[in-house]
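Dear colleague,

I am handing over the structure we spoke about, and below it you will find notes on what was found in it. Please read them with the model open beside you.

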Amino acid sequence: MSRSRFLRTIGVVAAVAAFAAACTSNEAASVQTNLGPRAVSSNDEPGKEVVIGFSGPEADHGWLAAINSTAIAEAKRYSDVTLRLAEGTNDPSLQISHIESFINQGVDAIVLLPTDGAALTEVATKAMEAGIPVVNVDREFTSEFAARTTILGDNYGMGISAGTYACKLVEEHNLGPDAVIAEIAGLDSLPLTQDRSDGFKDALRECGQKVDHRVAAEFTVESGEAEASNLLQAVPKIDIIWNHDDDQGVGVKAAFDNADRNEFFFIGGAGSANAMRWIQDGEMEATVLYPPTQAADGIRLARLLAQGKGMSDLVQVEVPRRIVLNAPVVTKENVDKYLPLGFES
Amino acid sequence: MKTDIAVASEQPDTGRRQPGFAALFSGPAGRSLGLVIALVLLCVVGVITSGSLFMSFDNVMTILRLASVIGVVSIGMTFVITGGGIDLSVGAIVALASVWASTLATQTLATDTHWIVMVTTALLVGGGCGLINGLLIAYGRMAAFIVTLAMLAGARGLAEIIAQKQTQVVTVDAFVDFFGADVLGIPVLVVIFALVSIAGWVLLNRTTFGRRTLAVGGNPEAARLAGIKVKRHTTLLYVLLGLACGLAAVMLLARTTAGTSTHGLLYELDAIAAVVIGGTLLSGGRGTIVGTVLGVLIFTTLTNVFTLNNLDTSTQAVAKGVIIVVAVLLQQRVAARNGST
C-alpha cells in the first residue's frame, strides 16, 4: 500500500518532468511567403539589438494563421530582433496577462493584435506608460494613448472596393436597377465587419443599388457553408454576391457547388491563395485584398521604433502614428501580381 | 499553506496511519500535497528557465491576477460538483452578467448614483441564471448536463442580443479605479480571489451548509432520509455558483474595461478541469477548496512559464491535457484505496 503511494508521488514528478520536456522540444513554426522584392534602405542593416513581444488572437482561420507566420518570418529576417511570442488566445483576460508579462520582462516594443480592441486598451496604455512603444495591429484600441503606432487594413475601404466593383459589374452586364445583390458578412460582433458592410452599402448607393439579402457567418468554413446554403435557399436568383472573407469562402463555395448555382458574380474578401486560384480558373470573379502581412509590418515598425529610426521613404524622421493599408480588387487581369500575398486557408 | 494543515487536522484520516514519508500522502492533505509538489516543481522549472524574472513580485502578481477571475468561478464550481452536479453554463453566465452590467442604461444609472449598481446588476444576473438552473434541475427533475447546456446556449445568445454583438466599454471611472487599485501592493482582484477562497473554505468545511453539500453529493437519498431538503439545497448550490459567475463578470469588466458577449469563452472547461485536478470527485460527495485553488494556480503558472519561455500555446494545451489525465488517474487510485479500507 505504501508502495502505491510512492508510485503516486513518482507519477506527479513524472508528469511535471513531462511538461519540462515539452518546454524544451519546441521549435518556432516554419514559414513560407516570399513577398518579392522589397525596398532596400540603410534601415535594414543590423542596428541595436531589440526584443519585440508579439501577441495575437488564436489562429483559428487561415488569415490569422498567416498573420502569425508572416510576423515570425519577418522577425527572423533581422539578426538584431529577438521575438517573444505569445500567440494564440481568444480570451482577453489571458491576453492581458501576456502583455503584463512583456512589461515585466521589459521588452523594447510590443506588437499587439487584440482579441478585442476595447478590452486590451487598458493594459496597452500601461505598457506605453512603462515606456514600451506599442504597435496596434488591425483591431483598434479605444484610446489614443494606448498605442504609439496603429497599422490596419482598410475595412471600410474594403467594402467600398467591393461595392464599386459590383457597380462596375452591374453596368458592364446591364443588370439594371433591380439587380439582386447579396452579402455574406463575417463575425457580426466585430466592428470591422460593420465597417465592411457600411462601405459596401455606401458604394452601392452611388450607383443606385442596395444590398437585397444579407447573412453573417463566423469566418469559419463550416459557418460559411451553412449561411450560404440558407441564402441560396432563400433567394432563387442572385446577380452578385460579396463574401467578406475567403476563409469562410471555402464553405461558401462548397455550398454554391452543392446547390449547383453559378448564375451570379462571386466576389470574395481578404485574398486567400484558394480564392486567387479560383480567380485564375474563372470560378470566382474577384476578391478584395485585406493584407495578412499587417503584423509583419507591425514587427518592422516596432523594430524601427525600438531602434529610434524613421521610415526611410518618408522625409519625417519618425515612424507615423497611423498607417492604413490599401484594399485593392484582385481580378483575373492582376491576380498573378497578388498571388504571392495570398495565404493558405 | 496554513489552510492546508487545517484541512488535515479537521478531517481525520480514515485510513490507517502510515509512518514516515508515505503517511504524508494519505488523506486529503496528501492529495493537496501532491498538487503543492506539482506546483513547486512547475515553479522550479520557471526559475531555472526564466530566473529572477519568474520570481519577481510583478510576475507573481501577473499570475495571480490571471488566476483570480477563473479562480472565483472554480470555487463556485467546487460546490456544485461536490453536491453531485455539474454546470456547463458558467462561461455564458459570465458573458451575460458582464454585458448586462455594462449596458448604457446600467452605466448611466451607475454614473448618477454609485458604481455598486454595476456590481449588483452582475450579481443579480448571475444569481438569477443560477436560480433558473437550480430550479429546473432540482424541481424540474432534468439532468444538470442538459439544463446547463441549454443555459450555455441561451445566456450567450441573450448576451449577444443585449450587446447587439458590440463591445461595451466601461465608462464609469470610479468602478475601474476601485477594482484596478492595489491594497498594500496587492491588486484588488487578487484580494477578492483570496477572500472568496477563504469564504469558500469556511463554508464547505466549517458550516452545516458545507456538511449538507457533502451529504447531498455523496448520497442524495440518504441525505433526504436524514432530513436534508435535498432539492432546496441543490438549488442553492447553483445560485451560489451563479453569484460567483456574477462576481467573476465584475472582475473581468474591471480587468478588460469592457463587457462583451464573447467574454468567458470555455470557462466551463477551465473551471471543471481545475476542480477535478484539485481532487474534488466529479461524482460528488467529496470536495476541496484548497485543491481547487491549487488546480487554478497550476494552470495559470503553466501558462506563465510558457509565455516567459516564448513557447506556443498548442504545446501548452497538450501539457494541460496531460495534467488532467495524470491527476484524475491518481485520484482514482486514491478513491479505490479508500474504498477498500
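**A cavity between two domains**

In this predicted model, the lining of the second largest cavity takes at least three residues from each of two domains of chain A, namely domain 1 (48–147 + 292–324) and domain 2 (155–289). The space in this cavity amounts to about 110 Å³, and it belongs to a set of six cavities of 30 Å³ or more. Its lining is made up of 13 residues, and those that lie nearest the centre are A:His61, A:Trp63, A:Leu192, A:Arg196 and A:Phe219. Two helices of chain A, α2 (62–77) and α6 (191–206), each contribute at least two residues to that lining. By character, the lining residues of the second largest cavity comprise seven nonpolar, two polar and four charged.

**The domains and chain A as a whole**

Chain A is divided into domain 1 (48–147 + 292–324), which is written in two segments, and domain 2 (155–289). The contact between them draws on five residues from domain 1 of chain A and five residues from domain 2 of chain A, while the centres of these two domains, taken over C-alpha atoms, are separated by 31 Å.

Taken as a whole, chain A has 11 helices and 12 strands, and 57% of its 345 residues count as buried. Among its contacts between residues at least 6 apart in sequence, 73% join residues at least 24 apart. The surface that chain A exposes comes to about 14,200 Å², with carbon and sulfur atoms supplying 51% of it.

One residue of chain A that you may wish to look at is A:Ala216, which is found in strand β7 (residues 213–216). A:Ala216 counts as partly exposed because its relative accessibility is 24%, and the buried class ends at 20%. Leaving aside neighbours within four places in sequence, A:Ala216 is in contact with A:Ala185, A:Gly186, A:Asp188 and A:Glu227. With the last of these, A:Glu227, the separation along the chain is 11 residues, and the C-alpha atoms of the pair are 6.9 Å apart.

**Chain B**

The secondary structure of chain B consists of 16 helices and four strands. Of the 341 residues in chain B, 56% are buried, and 77% of the contacts in this chain with a separation of 6 or more involve residues 24 or more positions apart. The accessible surface of chain B is about 13,900 Å², and 69% of that area belongs to carbon and sulfur atoms.

Helix α5 (residues 90–100) of chain B is largely enclosed by the rest of the structure, because 10 of its 11 residues are buried. The buried residues of α5(B) run from B:Val90 through B:Gly91, B:Ala92, B:Ile93, B:Val94, B:Ala95, B:Leu96, B:Ala97 and B:Ser98 to B:Val99.

Which residues does B:Arg255 contact, leaving aside its neighbours within four places in sequence? B:Arg255 sits in helix α13 (residues 230–256) of chain B, and its contacts in chain A are A:Ser93, A:Ile96, A:Ser97, A:Glu100 and A:Ala119, while those in chain B are B:Arg65, B:Leu66, B:Val69 and B:Leu189. With a relative accessible area of 6%, B:Arg255 is buried.

With kind regards

Methods:
Residues are numbered from 1 along each chain as its sequence is written. Chains are lettered from A and ligands numbered from 1 in the order in which they are written. This is a predicted model: local features need pLDDT of at least 70, side-chain atom pairs count only at pLDDT 80 or more; totals for chains, interfaces and linings use all residues. Side-chain values use heavy atoms; hydrogens and water are left out. Buried means under 20% relative accessible area, exposed over 50%, partly exposed in between (1.4 Å probe, protein chains only). Contact means heavy atoms within 4.5 Å. On a 1 Å grid over the protein atoms alone, a cavity is a set of points where a 1.4 Å probe fits but cannot get out, and a pocket is an open set with protein on both sides within 12 Å along at least five of seven lines; lining residues have an atom within 4 Å of a point. Grid points are joined across faces, edges and corners, and a volume is the space filled by probe spheres set on the points. Ala, Val, Leu, Ile, Met, Phe, Trp, Tyr, Cys and Pro count as nonpolar, Asp, Glu, Lys and Arg as charged, and the others, Gly among them, as polar. Domain bounds come from an automatic or database domain assignment. Accessible areas come from the Shrake-Rupley method with a 1.4 Å probe; for residues, only the protein chains shown count as cover.
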